[in-house]
Every structure is written in C-alpha cells, then in structure tokens.
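Student: I would like a close look at a single part of this model, the place where two helices pack against each other, and then at how that part fits into what surrounds it. Could you take me through it slowly, in one connected answer?

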Number of protein chains: 2
Amino acid sequence: MSGISDVLLPTVTTDVFSALANPVRRQLLDSLREGPRAAGELAGQFSLSRPAVSEHLQVLRGAGLVREEPRGRHRYYHLQPQPLAEVGQWLHPYEHFWRERLRSLRDVLDEELS
Amino acid sequence: MSGISDVLLPTVTTDVFSALANPVRRQLLDSLREGPRAAGELAGQFSLSRPAVSEHLQVLRGAGLVREEPRGRHRYYHLQPQPLAEVGQWLHPYEHFWRERLRSLRDVLDEELS
DNA sequence: TCGACGTGTCGGGAGAAGTTGACATGTCGG
DNA sequence: CCGACATGTCAACTTCTCCCGACACGTCGA
C-alpha cells in the first residue's frame, strides 16, 4: 500500500545544492544507492564521530534526499533521489558546453601530438 | 592561436560542488552562458555589493568555472564549463533512480485521480 | 597630466556549519 | 526488569561563509 506522500517530497528545508556541497554527504548518498543502511553502519564507513554523521544525515533529510525508517532499535535510511532531478535540470543546459570543450581538447591534443 | 592551457583546467582550488552551493554563483554562471560579461555588468544584476559579487566570481574562478579577460578598464568573465562534467558524472548513476520515482509518481496520481 | 571610472582587495562583523564529548531515549535479550 | 546496544540531541568551540564599507590600482578621456 503506497500513498502519494511516499512519492512527493516531504517538507524541504535545505537547498539540494548545499546538501551536495559536502563530500561526506555525497558519499553517504553513494552508499545508500546500494540499498537502505542503518545509521551506525553508515557512520562506520567514515572516520567521523557518530553525531557528525547523524547531522549530515539530517541535512540530507532536510533536502528531501533521504528518508528514515525506524525499525526496532535500528534506524534505516533510504535514498530519496527525486530532488536530484533539480540538479539535473540546472545542469542540462551546460551539457553541450562541456562536450564541446572536450571535443576541442581532443582536437588540440591531436595537434600537439602530431 | 590556441594552446593546450586554454583547454585544460587552470589550478583548481575550490570544489565544484561547493562553488555551486550558492544561488548567486549559479545565477552568475547562468548569465555567462549567454556570453562574456564585464564584472560591473554582472554585479548590476544582483542586489548585492560589488565586492560580494567580485568574491563570488573569485570562488568560481577557484573552481575553474570561469576565466578572466582583462580588457582596458573592464574585466570580462567567460564561462568555463568543463568542471561541471564532474557534477554530471556524479549525478549520472542517480538519473534512472529519479526517473523511476517520477514514473511511480505518475502511477500514484493515476490511481488517486481515477 | 588629472579626474572619473571600473575593479580587485583588505578588515571586520554576523551568522551558519562542522566537530566533539556528554547525556537522553527507546529497544532488544536474558 | 535490567543491562547492553543503537541512535538522537544538546552545549560549546572552532572554522567557514557571506556580506559590506573603505581603500588601492590601473585605464580611459580631456
């Protein structure tokens, strides 16, 4: 049984771009891509205090990128990737720019190496 | 006459993701997408002090997203979009995730509205 | 050469973010 | 019911970010 609230964003309090600014948070998302993880399990992957990781997770939750599922004495975090679409949208107009630059890089390399 | 240094990144001192965390900086890039702009011209678009904008531009330069071209008493800024490729690469594995979510959103909406 | 203009940089202050240790809460197993 | 465990939260400190006003430097036009 799934409701609409499972799919729509929960209240967003943090900018997605800001949430992604921190490398630890990006790695947390990368981990969650492989499936839900308990908080401690996530904390173990980083040389960081547990509270620090917990607060990073809270920032991600504030950006709507993560959902919590309490389950016994564990709390599982799930990836919630929809807000990333905003980043994708912003990035899209630039895509052909950097492809163009890569092409010209190749051309210059061709010239330099010939 | 173009050399390889025009195409490769200059010394990067700031993380690209951090550079994009600020909305003003994203808007600066959006402006530059339409062509090179002088510093004052860019500053005029925001209700911000000139020094503030100048420092934002410096951050963008630190991330390799912008190039300066001094020209008389103006200084023109050019978009340098290659570093955005890194963002695109990071984002790519998530793309199918959010597409999937959008699809399930549509399905839920279908159900709710029927 | 001199004043006006375009811009970068410096110093400082307000506020946000990151980190850590200590404590509080809730859950499981015996 | 009680101790161990998984986790969140609080207080405090440090560091970073963002912003501004003021000043310095180079360039243009007369």
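**The helix pair and its surroundings**

Tutor: In chain A, the residues Val24(A), Arg25(A), Leu28(A) and Leu29(A) of H2(A) meet Val53(A), His56(A), Leu57(A), Val59(A) and Leu60(A) of H4(A). Sorted by class, this contact of H2(A) with H4(A) has 7 nonpolar, 1 polar and 1 charged residues. Please keep in mind throughout that this is a predicted model.

A packed pair of helices is described by the angle between the two axes and by the distance between them. For helix H2 (residues 23-32) of chain A and H4(A), the axes come within 10 Å and cross at roughly 75 degrees. Angles from 65 to 115 degrees count as roughly perpendicular, and therefore H2(A) is described as roughly perpendicular to H4(A).

Chain B can be read in the same manner. Helix H2 (residues 23-32) of chain B packs with H4(B) at an angle of about 75 degrees, and their axes are 10 Å apart; these two helices are therefore roughly perpendicular to each other. On the side of H2(B) the contact is made by Val24(B), Arg25(B), Leu28(B) and Leu29(B), while H4(B) brings Val53(B), His56(B), Leu57(B), Val59(B) and Leu60(B). By class, the contact of H2(B) with H4(B) has 7 nonpolar, 1 polar and 1 charged residues.

H2(B) also has a relation to the strands, since this helix lies across E1, E2 and E3 of chain B and runs at about 90 degrees to E3(B). Those 3 strands form an open sheet in the order E1-E3-E2, with antiparallel pairing. Strand E1 (37-38) and strand E2 (66-71) of chain B stand at the edges with a single partner strand each, so one side of each is left without a neighbour in the sheet. Between E1(B) and E3(B), which run antiparallel, there are 2 bridges, and Ala38(B) stands opposite Tyr76(B) in E3(B).

In chain A, strand E2 (residues 66-71) is joined to strand E3 (residues 74-79) by 6 bridges, and the two run antiparallel. As an example of the pairing, Glu68(A) has Tyr77(A) as its bridge partner in E3(A). The hairpin of E2(A) and E3(A) has 2 residues between the strands, and Gly72(A) in this hairpin takes a positive phi near 65 degrees.

Now we can follow the H4 helices outward to the DNA, beginning with strand C. In all, 22 residues surround DNA strand C, and the closest are Glu55(A), His56(A), Gly72(A), Gly40(B) and Tyr77(B). You have already met two of these, because His56(A) is listed in the contact between H2(A) and H4(A), and Gly72(A) in the hairpin of chain A. Helix H4 (50-62) of chain A, together with helix H3 (39-44), helix H4 (50-62) and strand E3 (74-79) of chain B, each supply at least two residues of the surface near this DNA strand. H4(B) gives the most, with 5 residues. By class, the surface near DNA strand C has 7 nonpolar, 8 polar and 7 charged residues.

Individual contacts with DNA strand C can be placed on this picture. A polar side-chain atom of Gln58(B) lies 3.1 Å from a phosphate oxygen of DNA strand C, and a polar backbone atom of Ala39(B) is 3.4 Å from a phosphate oxygen of that strand. Glu55(B), by contrast, has a polar side-chain atom 3.5 Å from a base nitrogen of DNA strand C. Of the atoms of DNA strand C within 4 Å of the protein, 61% belong to sugar or phosphate and the rest to bases.

DNA strand D is likewise surrounded by 22 residues, the closest being Gly40(A), Tyr77(A), Ser49(B), His56(B) and Gly72(B). Here the largest share of the surface, 5 residues, comes from H4(A). His56(B), which takes part in the contact of H2(B) with H4(B), has an N or O atom in its side chain 2.6 Å from a phosphate oxygen of DNA strand D. For Tyr77(A), the bridge partner of Glu68(A), an N or O atom of the side chain is 2.6 Å from a phosphate oxygen of DNA strand D. A polar side-chain atom of Glu55(B) lies 3.2 Å from a base nitrogen of DNA strand D.

Key. Residues are numbered from 1 along each chain as its sequence is written. Chains are lettered from A and ligands numbered from 1 in the order in which they are written. This is a predicted model: local features need pLDDT of at least 70, side-chain atom pairs count only at pLDDT 80 or more; totals for chains, interfaces and linings use all residues. Side-chain values use heavy atoms; hydrogens and water are left out. Two strands pair if DSSP finds at least two bridges between them. Helices (H or I, at least four residues) and strands (E, at least two) are DSSP runs, numbered from the N terminus. A residue is near a molecule or strand if one of its heavy atoms lies within 4 Å of it. A polar contact is a pair of N or O atoms within 3.5 Å; within protein, one must be able to donate a hydrogen and the other to accept it, and residues adjacent in sequence count only if both atoms are side-chain atoms. Ala, Val, Leu, Ile, Met, Phe, Trp, Tyr, Cys and Pro count as nonpolar, Asp, Glu, Lys and Arg as charged, and the others, Gly among them, as polar. Axes are lines fitted to C-alpha atoms, for helices over the stretch in contact, and angles run from 0 to 180 degrees between N-to-C directions. Angles under 35 degrees count as roughly parallel, over 145 as roughly antiparallel, 65 to 115 as roughly perpendicular and the rest as oblique. Contact means heavy atoms within 4.5 Å.
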